[in-house]
Amino acid sequence: MLMPEKRRRSNYIIIALTILIYTVFYIHDGAVLGVDTAGYQNLVLAREPGYSLLIRLFLVIFGERYYAKVLVLCQMLLACTATCLLTFAVERIWKLACVSTCIVWGIQIAFLLLCRFGSGRGAIYPSIVLTEGVTYSLYFLFIKAMLQLNQEMSKERLAEVVIYCILMMFVRSQLIVTFLGLIAIYFFKAVCRQIPWKIWFFIISSSLAGILLVTCADKLYTQILYGVSTGVVGSNSFFFVSGIYGAQDTDIELFENEEERLIFTEIYETCQVEGLNVQYAGDGFMEGIEHYAECFDTIKFTIAQPYMMKYYEKQGMDDPIEREIATDAIFKKMGIPLFRDNIAIKMKLSAQDFIRGMMRTIAKSSPMLIPFVIIAYGCFVFMMIGLFHTQQDSMTAWAGLFVLLMLAGNTLAVTLLIFAEPRYLLYNTVPFYMMGYLMLRQMIRDRKGVRADDSGIVSDHME
């Protein structure tokens, strides 16, 4: 093992290189505005409050000319911090030598480079004025805190994890899966008698309190801003869009109200003309989900939402916020029976999309990479089971299980609610490869008889 002064020197080098890399990206790419940036900038009711308020704060302080540059600079600093803190936390938990520490750090930098040069995005996430500019960094800090909680169960560690979950959910509601992942992994620990059940009940109560806090904050945000306590709206469009995509003309019989029958007919016929319906999807295994993914945003943003906004405007609703709330309400009222009637189509598409999403999380979506993906997941599960077999309270195995649960849970949530869009999936790319390396390292150490410091809970300060 390295001497402490050598370790400090290598860590200073990692910090310097991390700052240098992010600085180069900042200078070269600058601040990149995304398609959804305007929605956050204008405090649109359908956008989560966290990032909208952050943009508003920077707009007030730095003005429209400079806010994006300063905001992206802060996102870069957050990303630098998350990269270094995750690296050094893993180094301390597993007592890594310099080479292993560099590998853990290198996995994060490789992900950064792949996002920049291996996609058509043309920028790393911290360079873009979108929620992912902060949520990816917060997610890595969440993983860091979870790994530390996995090693040392304490109220302070749990509080840190819950705070990260709250921040992420406040910025992007999809990341409620972090709360669910926390609950799930400690449920399994309680079942396996790694922790007392009273600790799990404390964890679930803390998680539910965090979710309730974010929900109340959403409602308070819309109440202060618009005078309505609805919270953010727009999620009900999922039912309507999925239902319309799988609908047939006979589905008009689901609606007795003449207004609803008119709305269904107008939107359904427009989708038919544009070929935005399941009847126009191909017969191949992935052709259906590819067609659904291409159609989803078009149906929602180009056809359904504009139609309903104009419809309610003709009905005398002059307030755009009132129209937005009414649109969300009608999408729920009409969408649920439509979705229920066509749920078999959606479940089939989601099952296909889940497979594609699991692939996209760890590799580029290409038929050529299918063998690699199968081998990668197979090796991950094999190593995790092997470590559990060797030592049931293996800290490394439990960390691997947590990462796998988060990966599968996030993929399932995304593919059920939207479709396998990479930017919603790649949160678990770095944790997957990082834990894969750490499990491989631990298995090698086990074979050599080096078993120290891999017990599940080093200490318990929850009492």
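This section describes helix geometry, one helix contact and the internal spaces of a predicted model.

Helix α3 covers residues 49-94. A straight helix of 46 residues would span 68 Å at 1.5 Å a residue. The end C-alpha atoms of α3, however, span only 38 Å. The helix is bent: at G63, α3 turns by about 120°. Just after α3 comes K95, with a positive phi of about 50°.

Helices α5 and α17 meet further along the chain. Helix α5 comprises residues 132-151, and α17 comprises residues 429-447. Their axes come within 10 Å and cross at roughly 35°. On the α5 side, the contact is made by Y139, F140, I143 and L147. On the α17 side, V430, P431, M434 and M435 take part. The contact of α5 with α17 has 8 nonpolar residues. No polar and no charged residues contribute to it.

Enclosed space was examined next. A search of the whole structure finds 3 cavities of 30 Å³ or more. The largest cavity has a volume of about 150 Å³. It is lined by 15 residues, of which Y22, F111, L112, Y136 and F140 are the closest to its centre. F140 thus appears in this lining as well as in the contact with α17. Three helices, α3, α4 (98-117) and α5, each supply at least two residues of the lining of the largest cavity. The bent helix α3 is therefore among the contributors to this lining, with helices counted as DSSP runs of at least four residues. By class, the lining has 11 nonpolar, 3 polar and 1 charged residues.

Open space was also analysed. The second largest pocket holds about 270 Å³ of space. Its lining consists of 14 residues, and the closest to the pocket centre are M286, I355, R356, M359 and I370. Helices α13 (343-362) and α14 (370-390) each supply at least two lining residues. The largest share, 5 residues, comes from α13. Among the residues closest to the centre, I355, R356 and M359 fall within the 343-362 range of α13. I370 lies at the start of α14, which runs over 370-390. In the lining of the second largest pocket, 10 residues are nonpolar, 2 are polar and 2 are charged.

How values were computed:
Residues are numbered from 1 along each chain as its sequence is written. This is a predicted model: local features need pLDDT of at least 70, side-chain atom pairs count only at pLDDT 80 or more; totals for chains, interfaces and linings use all residues. Side-chain values use heavy atoms; hydrogens and water are left out. Axes are lines fitted to C-alpha atoms, for helices over the stretch in contact, and angles run from 0 to 180 degrees between N-to-C directions. Contact means heavy atoms within 4.5 Å. Ala, Val, Leu, Ile, Met, Phe, Trp, Tyr, Cys and Pro count as nonpolar, Asp, Glu, Lys and Arg as charged, and the others, Gly among them, as polar. The expected span of a helix is 1.5 Å times one less than its number of residues. The bend at a residue is the angle between axes fitted to the seven residues ending there and the seven starting there. On a 1 Å grid over the protein atoms alone, a cavity is a set of points where a 1.4 Å probe fits but cannot get out, and a pocket is an open set with protein on both sides within 12 Å along at least five of seven lines; lining residues have an atom within 4 Å of a point. Grid points are joined across faces, edges and corners, and a volume is the space filled by probe spheres set on the points.
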